[in-house]
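User: I should like to go through this structure and ask what lies behind the terms used for it. Please begin with the convention for the handedness of helix crossings.

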Amino acid sequence: MHLGQLAPAVALQRLRQGVRLRTGPFVVALRSDIAALSQQVLQQYAEHELAEDDGFSDFHIRITPPAGLRRWWRPQARFVFDGAEHFNPLPLHHAFPLLEWGLNWCVSMHAHQYVILHAAVLERGGRAVVLPAPSGSGKSTLCAALAHRGWRLLSDELALLGLEDGLLWPLTRPISLKNQSIRLIRDFAPDARIGEPVPDTIKGAVAHCAPPAAAVRAAQTPARPGWIVLPRYTPDAPAALTPLPKAQAVMELIDACFNYSIHRHQGFAALGRLVDGSDCHRFEYSRLEDAIAVFDRLAEADPDEPSVTPTMALPSSHSASLPTSQSASLPVSQPVSQPASTTGDAAP
Amino acid sequence: MPDHPQTLLGRYDVLDWGDGCVIYDRSLFLTHLLDEPTALMLRARLAEASETDSPAHLQALLDDLLPASVTDSS
């Protein structure tokens, strides 16, 4: 049964008492007595499966107002994980972004059965495209657009790479849109379920876009690597792919990896296999329609063709382009970029 | 095109696609990107080292090729 199949009143009561939601390979035990948050959870996680009541939960999360004055005066929301608070409280109306950011932190800090990358992942024709990108690159905007144009969403923020199988595992959750991208995706995909923008977060205005139902229902199906594409929004730029040397792609992935220092040489080997099985590109774009066309051409290309793909470019027109500045994407700890030619964890 | 890294001296994992080379150093937990000219030099000297079959020779050339700052960071 999915959360959205419960009657709203029942669902709200279940959230107050604690509900167990399956998201990708994880079960999240979520409890909140903040009504506004629960309404957003119902909207954004409506298609997510409810796990059985007595099973194992990977993450126990409670979003709750603090005790005392802050419950009433400038009310706040606290993120409680396994009974402990790891972050400062945020204003109450930031409760849903707090849940999403906190859950990103839970996964990236604990799910070390995977190599975890700060990257969006989508799939088409059985092949996954990994989109690692720094904050402000237009990754989530591109991800939302692709997810509503025939690409299956696996994740907007965290790519889960199986250490042994080399597959990309879904973590199909809401897509975080920021600032002008909110309106842009509303216009681009009118059917998208986008929550009310939450103003004045550390990233500016944030709104979440619910993952398409089909993607959530396929969230137990991994995909094999197909492409690694480093997107970058550039005002007025034509949509263009340029080949990325594989050695350089490995270094880019290491910079985007949350737990490379934990996996060490096994992580290096896993990232090497990911790159080995992928065509690697940089991608510059300004118009979403042009970007989609380039990605569709990628998906239609014969996967057995030589891996070096010639530069593909589409002309750019200047309407409906992305905002010129986009805010940061993850408030949790980011992988730290290393010097140009060398990267690694602390010395032993 | 490598399926798995080639491991040298039980310490260095090497991935080489011919467009540059990445090396993971298991002792220092550091990853190096060699540009193509340096990777070419490494390939040539690895061939020499395999002829002499000397671990000390191989270690010396890797010490020589990998950035000095890496050793300093240990």
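Analyst: A crossing is called right-handed if the near helix is turned clockwise from the far one by less than a right angle, and left-handed if anticlockwise. The model shown is a predicted one. In it, the crossing of helices H7(A) and H8(A) is right-handed.

User: What are the angle and the distance between the axes of H7 and H8 of chain A?

Analyst: The axis of helix H7 of chain A (residues 246-255) and that of helix H8 of chain A (residues 260-276) come within 10 Å and cross at roughly 140°. On the H7(A) side, the contact is made by A:Lys246, A:Ala249, A:Val250, A:Leu253 and A:Ile254. H8(A) contributes A:Tyr260, A:Leu271, A:Gly272, A:Leu274 and A:Val275. By class, the residues of this contact are eight nonpolar, one polar and one charged. Gly counts as polar and Lys as charged.

User: What makes A:Cys280 a buried residue?

Analyst: The cut-off for a buried residue is 20 or more other C-beta atoms within 10 Å of its own. A:Cys280 has 27 such atoms within 10 Å, and is therefore buried. Its place is in strand E17 of chain A, residues 279-285. Leaving out residues up to four places away in sequence, A:Cys280 touches A:Ile228, A:Pro243, A:Leu244, A:Lys246, A:Ala249 and A:Val275.

User: How far apart are the C-alpha atoms of A:Cys280 and A:Tyr114?

Analyst: A separation of 21 Å lies between the C-alpha atoms of A:Cys280 and A:Tyr114, which are 166 residues apart along the chain.

User: Why is helix H4 of chain A called mostly covered?

Analyst: The helix spans residues 139-147, and nine of its nine residues are buried. Among them are A:Lys139, A:Ser140, A:Thr141 and A:Cys143.

User: Which residues does A:Leu122 contact beyond its neighbours within four places in sequence?

Analyst: A:Leu122 is in contact with A:Cys143, A:Leu146 and A:Ala147, and also with A:Ala128, A:Val129, A:Trp151, A:Arg152, A:Leu153 and A:Leu154. In the largest nonpolar core, which has 117 residues, A:Leu122 is one of those that touch the most other members, together with A:Ile116, A:Leu160, A:Leu168, A:Val250 and A:Leu253. The largest share of this core, nine residues, is supplied by H3(A).

User: How do you know where this core lies with respect to the two domains of chain A?

Analyst: Domain 1 (1-110) and domain 2 (114-335) of chain A both give residues to the core, so the core lies between them. Taken over C-alpha atoms, the centres of domain 1 and domain 2 of chain A are 26 Å apart. Their contact takes 19 residues from domain 1 of chain A and 25 residues from domain 2 of chain A.

User: Which helices supply the side of domain 1 of chain A that touches domain 2 of chain A?

Analyst: Helix H2 (35-44) and helix H3 (95-110) of chain A each provide at least two residues of that side. The largest share, eight residues, comes from H3(A). The side of domain 1 that touches domain 2 of chain A has seven nonpolar, ten polar and two charged residues.

User: What elements does chain B have, and in what order do they run?

Analyst: Chain B has three helices and four strands. From the N terminus on, the order is β-β-β-β-α-α-α. Chain B comprises 74 residues, of which 31% count as buried.

Key. Residues are numbered from 1 along each chain as its sequence is written. Chains are lettered from A and ligands numbered from 1 in the order in which they are written. This is a predicted model: local features need pLDDT of at least 70, side-chain atom pairs count only at pLDDT 80 or more; totals for chains, interfaces and linings use all residues. A residue is buried if 20 or more other C-beta atoms lie within 10 Å of its own, exposed if 12 or fewer, and partly exposed in between; C-beta atoms are placed from the backbone. Domain bounds come from an automatic or database domain assignment. Two residues are in contact if their C-beta atoms, placed from the backbone, lie within 7 Å. Axes are lines fitted to C-alpha atoms, for helices over the stretch in contact, and angles run from 0 to 180 degrees between N-to-C directions. A nonpolar core is a set of buried Ala, Val, Leu, Ile, Met, Phe, Trp, Tyr and Cys residues joined through C-beta atoms within 7 Å.
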